[in-house]
Amino acid sequence: MGDHKEQPLRVGAAVRRRRRALELTLAVVSARSGLSVPFLSQIENDRARPSTSSLEKVADALRTTAVELLAAADPACSVDVVRGDGSEPLPQPRSRSLVRGHHQMHASEFTGDHDAGREFQYRNDQLMYVADGAVEVEAEGRAYRLGRGDTLYLTGGVRHRWRAAESDTRVIVVAVAEHIEAVRDRPRR
């Protein structure tokens with residue numbers, strides 16, 4: 001129950017994300033693929049499941065592959081529970097994903113120390129929440145010390161590094177997934 005491997009994939013959102021990233025209308029995709037605008041709309045809204053042949057035509061029109069669209073597809077289930085392993089004490093340091101699968105959001109939990117020398121720069125926005133302990137963050141040349149309950153929001157493209165300032169630190173990082181085109185709005189042509 002709640003296992004994404006048991007659920008069918010919803011490819012519609014992946015098709016819509018790709019089409020919008022390329023700034024194409026349904027009419028343009030229709031002309032390129034030979035599929036009707038109403039059918040493409042039904043695919044994007046998950047009211048129609050495309051055949052392999054139709055999905056390949058859509059992928060070609062979007063200058064990608066059917067495999068890539070399927071890899072970016074959302075599982076059909078809307079609820080998934082990721083349980084803690086319950087072991088005490090937690091091994092230090094450790095990280096674990098809090099969201100399974102390929103989604104628009106990614107979340108991870110970091111326990112213990114972290115590689116302070118490693119610099120990160122993500123394409124999309126992220127939020128860092130300190131559940132326990134404290135962290136020191138350097139972002140855009142400024143230093144921040146965050147304690148239990150504090151959050152730090154970083155817009156996409158901000159270079160940063162962080163480290164645990166206390167041994168019992170637990171940090172939750174939530175981010176817009178890298179495969180999502182959530183960077184600044186571009187003007188429409």
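This is a guided tour of the structure, stop by stop, with a selection to make at each one.

The model is predicted: local features need pLDDT of at least 70, side-chain atom pairs count only at pLDDT 80 or more, and totals for chains, interfaces and linings use all residues. Residues are numbered from 1 along each chain as its sequence is written, and side-chain values use heavy atoms, with hydrogens and water left out.

**The five-stranded sheet**

Begin by selecting strands S3, S4, S11, S6 and S9, which in that order form an open sheet with antiparallel pairing. Strands, like helices, are DSSP runs numbered from the N terminus (at least two residues of E for a strand, at least four of H or I for a helix), and two strands pair if DSSP finds at least two bridges between them. At the edges stand S3 (94-97) and S9, each of which pairs on one side only. From one strand to the next, the twist averages 20°; such angles run from 0 to 180 degrees between N-to-C directions, with axes fitted to C-alpha atoms, for helices over the stretch in contact.

Next, select S6 (residues 126-132) together with S9; these antiparallel strands are joined by four bridges. Gln126 is found opposite Leu154 of S9, and Met128 has Leu152 as its bridge partner in S9.

Now keep S9 alone, which spans residues 151-154. Which of its side chains are buried? Leu152 and Leu154 point to one face and are buried, whereas Thr151 and Tyr153 point to the other face and are not. Here buried means under 20% relative accessible area, exposed means over 50%, and partly exposed lies in between (1.4 Å probe, protein chains only).

Tyr153 also leads to the surface: with Leu127 and Tyr129 it makes a nonpolar patch of about 290 Å². Patches are made of residues with over 30% relative accessible area and no salt bridge, like charges being joined within 9 Å and nonpolar side chains (Val, Leu, Ile, Met, Phe, Trp, Tyr) within 5 Å. The areas come from the Shrake-Rupley method with a 1.4 Å probe, and for residues only the protein chains shown count as cover.

**The four-stranded sheet**

Select S5, S10, S7 and S8 next: this open sheet has the strands in that order, with antiparallel pairing. Its edge strands are S5 and S8, each pairing on one side only.

Within this sheet, S7 (residues 134-139) and S8 (residues 142-147) pair over six bridges. Ala134 stands opposite Gly147, and Glu138 stands opposite Ala143. The two strands form a hairpin with two residues between them, and Glu140 in the turn has a positive phi of about 50°.

**Helix H4**

Move to H4, residues 52-61, where the buried residues are Ser54, Leu55, Val58, Ala59 and Ala61. Because these residues cover an arc of only 160° around the axis, they lie on the same side of H4; the arc is that of the directions from the helix axis to the C-beta atoms. Thr52 and Asp60 are exposed on the other side of H4.

**Salt bridges**

Side chains of opposite charge can pair when their charged atoms come close. How many salt bridges does the structure hold? The total is ten, a salt bridge being a side-chain nitrogen of Lys or Arg within 4 Å of a carboxyl oxygen of Asp or Glu.

Select Arg19 and Glu44, whose side chains meet in a salt bridge (2.6 Å, N to O). Arg19 belongs to helix H1 (residues 12-21) and Glu44 to helix H3 (residues 37-44), so the pair ties together parts that are 25 residues apart in sequence. Both Arg19 and Glu44 are buried.

Turn then to Arg170 and Glu109, a salt bridge whose closest N and O atoms are 2.9 Å apart. Arg170 lies in S11 (residues 170-176) and Glu109 in S4 (residues 105-111), so this pair ties together parts that are 61 residues apart in sequence. Glu109 is buried, at 5% relative accessibility, while Arg170 is partly exposed, at 26%. Adding Asp132 and Arg148 to the selection shows the network of salt bridges that links them with Glu109 and Arg170.

Finish with Arg159 and Glu119, whose side chains meet in a salt bridge (3.4 Å, N to O). Arg159 is in S10 (residues 159-164) and Glu119 is in the loop between S4 and S5 (120-121), and the two are 40 residues apart. Arg159 is partly exposed, at 43% relative accessible area, and Glu119 is partly exposed, at 38%.
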